[in-house]
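Hi,

Here is the structure I promised to pass on. Have a look at it first, and then read my notes underneath.

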Amino acid sequence: MKHVIVTGGGAAGMMAAYAAAKCGHRVLLLEQNEKLGKKLFITGKGRCNVTNACDREGLFENMVTNPKFLYSAFYDFDNKQLMELLRQAGCPLKTERGERVFPVSDHSSDILAALSRLLCQSGVEVRLHTKVEEVLVRDGCVTGVLLSDGKRIEAEAVVLATGGMSYPSTGSTGEGHRMAAGLGHSIKECTPALTPMEIAEPWCATLQGLSLKNVALTMSCKGKRIWNGFGEMLFTHFGISGPLVLSASSFYHKCKDPDDVTIRVDLKPALSEEQLDRRILRDFEDNQNKQFKNILGSLYPSKLIPVMIALSGIDAKKKIHEITREERSRLAGVTKGLTMHVRGLRGFAEAIITQGGIRVKEVNPSTMESKLIQGLYLAGELLDLDALTGGFNLQIAWSTGHLAGSSIPL
Ligand SMILES: Cc1cc2nc3c(=O)[nH]c(=O)nc-3n(C[C@H](O)[C@H](O)[C@H](O)COP(=O)(O)OP(=O)(O)OC[C@H]3O[C@@H](n4cnc5c(N)ncnc54)[C@H](O)[C@@H]3O)c2cc1C
């Protein structure tokens, strides 16, 4: 049995503490906040999309950064094992669209309650309001931690699970990166991901609150396609958000010239350009004597109509029979390619996840132990790992936390 300190009471830290205690270690879980899982509590808009019920291949396909590093972690403890553990701990789960898994109650607090029961049953000691300042090391081996009040606690192994930098109000402020860097680890620059985008075009703000479903979105840099997807997006007072936009933001780092990034939305992805032109022509033929602005209700949501009129360059009051073939084709063009210029991503305060972090080449993927410091284990979002939305980011935290906790030798 070893004395183990887990630093950070988020998803990864709680799982690491539970796994280490189940293996027979004496575990102390230190959390700076007044409660455990402050971020977990707000996940999934308070419902907690705790994992994704896809097969193992699906887990890897939804990883954005360093999927191969997660091979052992996903084999040690995957989504199915997590679901089983939570059910056994008294939290029934349900699977929704896209295989997203939630507690049946729709309350993240039930996931937290189940985890608290697991920690309690396995004998983990939890200390809140306790901030770790430094991991103490002698001759390349962990000896304990130094707290912010100057106290030292000895330990033979320390799991660092202090999270990334997104939503710093929940306690994840990049402290783990600072501590790991102090011990010689290198940190890949951290940037916000799964975050909304700011758009240059002023018309975007006029659409605030408009949600578009079943559209295709393409993000390009200097005309080269970087990412595309199909689904739902939302206009906001500063630009765009919603599932498609958040996913695109995870690939923003691939844009070599951030000043030339465009988003192109196909409002009618089910129709080819010719099919759309025929459809518009049909609408026009049925409404020959009406004004242009009055016949667009069947093509677009009402909030979007003034923008589409402006972008098509057709006089809103023009009679339909006066509209030229070229004007009609311009309308079809903006419908298939509503184009916006990206000014940048929103910051960490709104980002679901951090891209970057402790470089995984300095961590043993079979144990999560640091390759530089014996007895130091790293888990969760502070590592250079991230995934798309759908429960995959929490699964990274559960799997790496479990592997770290269960790899500490007795
Ligand atoms: C709004 C929002 C919604 C999300 N929704 C989902 C979702 O539905 N599904 C999904 O899969 N993912 C979701 N995520 C992502 C998910 O929350 C993270 O991937 C996950 O919480 C990372 O877990 P972690 O344990 O590594 O870090 P965290 O959850 O950030 O936990 C780190 C903990 O360490 C503590 N800590 C930090 N420094 C110290 C220190 N020096 N001493 C002591 N304690 C310290 C912090 O206070 C914090 O409690 C969401 C994220 C956000 C911001």
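**The cysteines, and a few other spots**

C48 has a relative accessibility of 0%, so it counts as buried. Keep in mind throughout that this is a predicted model.

I began with C48 while looking for disulfides. A disulfide is a covalent bond between the sulfur atoms of two cysteines. How many disulfides does the structure hold? The count is zero. For C48, the closest cysteine sulfur belongs to C91 and is 8.4 Å away, which is too far for a bond, given that the two sulfur atoms would have to be within 2.5 Å. C190 tells a similar story: its sulfur is 19 Å from the closest cysteine sulfur, the one in C255, so that is too far for a bond as well. C190 is also buried, because its relative accessible area is 15% and the cut-off is under 20%.

Next, have a look at helix α1, which covers residues 11-22. Does its length fit what you would count on paper, or what do the ends say? With 12 residues at 1.5 Å a residue, α1 should span 16 Å, and its end C-alpha atoms are 17 Å apart, so the two agree. The helix is mostly covered, with 11 of its 12 residues buried. Among those buried residues are M14, M15 and Y18, along with alanines such as A11 and A12. After α1 comes G24, which has a positive phi, near 105°.

H25 is worth a stop too. Where does H25 sit? You'll find H25 in the loop between α1 and β2 (26-30). With a relative accessible area of 5%, H25 is buried. A polar atom of the H25 side chain lies 2.8 Å from the backbone oxygen of I408. Setting aside neighbours within four places in sequence, H25 is in contact with M1, K2, V4, A20, I408, P409 and L410.

Last, there is an open sheet of three strands, in the order β8-β9-β10, with antiparallel pairing. Why does one side of β8 and of β10 lack a neighbour in the sheet? Because β8 (132-138) and β10 (152-154) stand at the edges, and each has a single partner strand. On average, neighbouring strands of this sheet are turned by 30° against each other, direction ignored. Six bridges join β8 to β9 (residues 141-147) in the antiparallel sense, and V135 stands opposite V145 in β9.

Cheers

Definitions and conventions. Residues numbered from 1 in each chain as written. Predicted model: local features only at pLDDT ≥ 70, side-chain atom pairs only at ≥ 80, totals over all residues. Heavy atoms only, no water. Helix = DSSP H or I, 4+ residues; strand = E, 2+ residues; numbered from the N terminus. Expected span 1.5 Å × (residues − 1). Buried < 20%, exposed > 50% of the residue type's maximum accessible area, 1.4 Å probe, protein only. Pairing = 2+ DSSP bridges. Axes fitted to C-alpha atoms, helices over the stretch in contact; angles between N-to-C directions. Polar contact = N/O pair within 3.5 Å; in protein donor to acceptor, adjacent residues only side chain to side chain. Contact = heavy atoms within 4.5 Å.
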